[in-house]
Amino acid sequence: MKISLFVVILAVVSAVAVPSATGQSKPSQEGIIVNVNKQDVATPPVRAGANPDHSQLQSHYYRYNVSVQLNCDIYVGRYESESDDLPDTLSPNNHVPIRITKHVMFLDFPGDPVKMQIVRHKVSHADACGQGALAQQ
């Protein structure tokens, strides 16, 4: 009885793991970083009017919203770091290898891929994207 239950659980886990593994096998495409916004985040936040001498200790980290254009789509991914020093590869106008899954953006740098949660997605109607859409109509 225990062996057949184990076999059923193993079969279910294998069936669930296969589709998620195939999502990772998508090839990278070339995108370009169009914008990077930085925020200094302190947790927990200090209440307005509170005495700073009696407040809790805070930790600081940096949140970067990295906008990457892939064809006519612009994806904004969130990159968080304890360091104020953003890697040079995440600078505006850099061409980057990008792979998109449902809610995650991967920048496939050799040896050091960067995984970012997608916080926003929009279709660009500017420049070549807008002209290409008009030409197709």
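Here are some friendly notes on this predicted model, point by point.

1. **Overall layout.** The protein is built from two helices and six strands. Read from the N terminus, the order of elements is α-β-β-β-β-β-β-α, so to speak a run of strands with a helix at either end.

2. **Confidence.** Before looking at side chains, a word on how far to trust them. The average pLDDT of the protein is 77, and 65% of the residues reach at least 70. Two stretches deserve caution: pLDDT stays under 50 over residues 16-23 and also over residues 131-137. For residues 16-23 the model has one contact beyond four places in sequence, while for residues 131-137 it has zero. Where pLDDT is low, the predicted coordinates should not be read in detail.

3. **Burial and surface.** Of the 137 residues, 28% count as buried. The accessible surface of the protein is about 9,900 Å², with 56% of it belonging to carbon and sulfur atoms.

4. **Contacts along the chain.** Take the contacts with a separation of 6 or more: 54% of them are between residues 24 or more positions apart.

5. **The nonpolar core.** The largest nonpolar core has 20 residues. Those with the most contacts inside this core are Val-66, Tyr-79, Leu-90, Met-105, Leu-107 and Met-116. Two or more core residues come from each of β1 (29-43), β2, β3, β4 (95-100), β5 (104-107) and β6 (114-123). Strand β2 gives the most, with five residues.

6. **A closer look at Leu-90.** Which residues does Leu-90 touch, leaving aside its neighbours within four places in sequence? They are Ile-33, Val-36, Tyr-79, Leu-107, Phe-109 and Met-116. Among these partners, Tyr-79, Leu-107 and Met-116 are also on the list of core residues with the most contacts.

7. **The aromatic pair.** A search of the whole structure turns up one aromatic pair. The ring centres of Tyr-64 and Tyr-79 lie 6.1 Å apart and their planes meet at 45 degrees, so the pair is tilted. This pair links distant parts of the chain, with Tyr-64 in strand β2 (residues 59-70) and Tyr-79 in strand β3 (residues 73-81), 15 residues apart. Both Tyr-64 and Tyr-79 are buried. You will recognise Tyr-79 from the core and from the contacts of Leu-90.

8. **A charge over a ring.** One more side-chain detail to look up in the viewer: Arg-99 sits over the face of Phe-106, 4.4 Å from the ring centre.

Note on methods:
Residues are numbered from 1 along each chain as its sequence is written. This is a predicted model: local features need pLDDT of at least 70, side-chain atom pairs count only at pLDDT 80 or more; totals for chains, interfaces and linings use all residues. Side-chain values use heavy atoms; hydrogens and water are left out. Helices (H or I, at least four residues) and strands (E, at least two) are DSSP runs, numbered from the N terminus. Buried means under 20% relative accessible area, exposed over 50%, partly exposed in between (1.4 Å probe, protein chains only). Contact means heavy atoms within 4.5 Å. Accessible areas come from the Shrake-Rupley method with a 1.4 Å probe; for residues, only the protein chains shown count as cover. pLDDT is the predictor's confidence in each residue, from 0 to 100. Rings of Phe, Tyr and Trp (its six-membered ring) pair if their centres lie within 6.5 Å; planes under 30 degrees apart count as stacked, over 60 as edge-to-face and the rest as tilted. A charge sits over a ring if NZ of Lys or CZ of Arg is within 6 Å of the ring centre and within 35 degrees of the ring normal. A nonpolar core is a set of buried Ala, Val, Leu, Ile, Met, Phe, Trp, Tyr and Cys residues joined through side-chain atoms within 4.5 Å.
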